[in-house]
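Biologist: Could you walk me through how the helices pack here and what sits in the interior? I'll jump around a bit as we go.

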Amino acid sequence: MKLVGISFGKTMGNTEILMREALMGAQEAGAEISLVRAYDYDIKPCNGCNACTFNPLNEDGLPYCKSNDDFLSFMENILDADGIIFGSPIYQMTPSGYMRLICDRIGPHFDVAVLKGELEMKGAEEFPIDQRIFKPRVAGFICVGGAERYKYVNMVLPLMNLITYPNQIEVVDQLLVMESILTNHVLAHSDKLQRAHELGVHVAQSMGVPAEKLQWYGEESVCPVCHTNLLTLESDDKIMCAVCGMYGKVENVDGKVKVTFPKEAWKESRLTMEEKELHSSEILDFIGRAMPFVMEEAPGLLEKYKKFDVPVVKPKKKA
């Protein structure tokens, strides 16, 4: 089975070193491996043109985008894989901005729940979608940065879920490496290199395993579904997982904070197909309700803003 490592770091930087160690583990576990350097691909940001909304598929049965760039070439690596390891350096407390750019391009038009709904509604003949999109996949995350204190890296692993969320890729392990502030500094952390090796083994061993039988190999965290600790306090005793969007309860037990997510709430996680399908229905319903206003009333109201004369600052070109 095929496992690809996708690195959002520089060539032979700390991220790629950890990725190569993970791929060594995956290869030992029997996976057919490959490495993708994301910066080798010229991918433009989504500009919200809505072309994909009205032209769902291109001639190859893949989600349509009018940008003429390397995005679909990049996505081929994911579509062909049974397992993926995503690796990123930590910039400004979060993963690479280029990874976030690609998350926007994957977006809802690669969301398996949205595409499954369209396929069921239209049928295979009218909606000849590439079936690789629906293939079950597993993933692991690797993040590395220079911070010595956790408060400067606590958002990075939760945000990595944005790249696996649309395609319903099941994450089975994750690794956060700190105190690697210079290029190749990660080589000082032999324990973290060994942990990356193990992560590669875990992802490889999880390929082809049914979702309900998958094992979580990473450290235990507050959220039992996405395995992150990023929470938002909704009220005095109600808490929400910032990644999953499911609600739990926070209590003071013997002077210690205890957070629990009841089992029945797990299906509300944004990472489940049930919640994805519900959200897909909400989006389609809202588009239907918004369309009359956009088509009939908005053009007249827009004139005020078109006529507003404001200087637009253009970039200065170098001589």
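**Helix packing and the nonpolar core**

Modeller: In helix H6, the buried residues are Val-156, Leu-157, Pro-158, Met-160, Asn-161, Ile-163 and Thr-164. That amounts to 7 of its 9 residues, so H6 is mostly covered, and buried here means under 20% relative accessible area. Please keep in mind throughout that this is a predicted model.

Biologist: What do the buried residues of H6 pack against?

Modeller: They pack against strands E3, E4, E5 and E6, the last of these spanning 170-177, and also against helix H4.

Biologist: Let's stay with H4 and H6 for a moment. At what angle do they pack, and how far apart are their axes?

Modeller: The angle is about 35°, with the axes 8 Å apart, and H4 passes H6 in a left-handed crossing. On the H4 side the residues involved are Met-99, Arg-100, Cys-103 and Ile-106, which meet Leu-159, Met-160, Leu-162 and Ile-163 of H6. By residue class, this contact divides into 7 nonpolar, no polar and 1 charged.

Biologist: And H4 itself, mostly covered or not, and which of its residues are buried?

Modeller: H4 is mostly covered, with 7 of its 10 residues buried. Those residues are Tyr-98, Met-99, Leu-101, Ile-102, Cys-103, Arg-105 and Ile-106, and they pack against H3 and strand E4 (94-95) as well as H6.

Biologist: How do H3 and H4 cross?

Modeller: The axes of H3 (residues 71-79) and H4 (residues 97-106) come within 12 Å and cross at roughly 90°, and the two helices are therefore roughly perpendicular to each other. Phe-71, Phe-74 and Met-75 of H3 make the contact with Ile-102, Arg-105 and Ile-106 of H4, a set that divides into 5 nonpolar, no polar and 1 charged.

Biologist: Switching to the largest nonpolar core, which residues touch the most other members?

Modeller: That core has 42 residues, and the ones touching the most other members are Ile-6, Phe-8, Phe-74, Phe-86 and Ile-102. At least two residues each come from strand E1 (2-7), H3, strand E3 (83-91), H4, helix H5 (112-122), strand E5 (138-144) and H6 (156-164). The largest share, 6 residues, is supplied by H4.

Biologist: Which residues does Ile-6 touch?

Modeller: Setting aside residues up to four places away in sequence, Ile-6 touches Met-19, Val-36, Phe-74, Ile-78, Ile-84, Ile-85, Phe-86 and Gly-87. Apart from the largest core lies another one, of 22 residues, including Ala-31, Val-138, Leu-193 and Ala-204.

Biologist: What about Ser-7, buried or exposed?

Modeller: Ser-7 belongs to strand E1, and it counts as buried because its relative accessibility is 0%. Leaving aside neighbours within four places in sequence, Ser-7 is in contact with Thr-15, Glu-16, Met-19, Leu-35, Val-36, Arg-37, Ala-38 and Gly-87.

Biologist: Last topic, H5 against H8: at what angle do they pack?

Modeller: H5 and H8 (residues 273-307) pack at about 65°, with their axes 8 Å apart, and H5 passes H8 in a right-handed crossing. Val-112, Ala-113, Val-114 and Lys-116 of H5 meet Met-273, Lys-276, Glu-277 and Ser-280 of H8. The residues of this contact divide into 4 nonpolar, 1 polar and 3 charged.

Notes
Residues numbered from 1 in each chain as written. Predicted model: local features only at pLDDT ≥ 70, side-chain atom pairs only at ≥ 80, totals over all residues. Heavy atoms only, no water. Axes fitted to C-alpha atoms, helices over the stretch in contact; angles between N-to-C directions. Helix = DSSP H or I, 4+ residues; strand = E, 2+ residues; numbered from the N terminus. Parallel < 35°, antiparallel > 145°, perpendicular 65-115°, else oblique. Contact = heavy atoms within 4.5 Å. Nonpolar A, V, L, I, M, F, W, Y, C, P; charged D, E, K, R; others polar. Core = buried A, V, L, I, M, F, W, Y, C linked by side-chain atoms within 4.5 Å. Buried < 20%, exposed > 50% of the residue type's maximum accessible area, 1.4 Å probe, protein only. Left-handed = near helix turned anticlockwise from the far one by under 90°.
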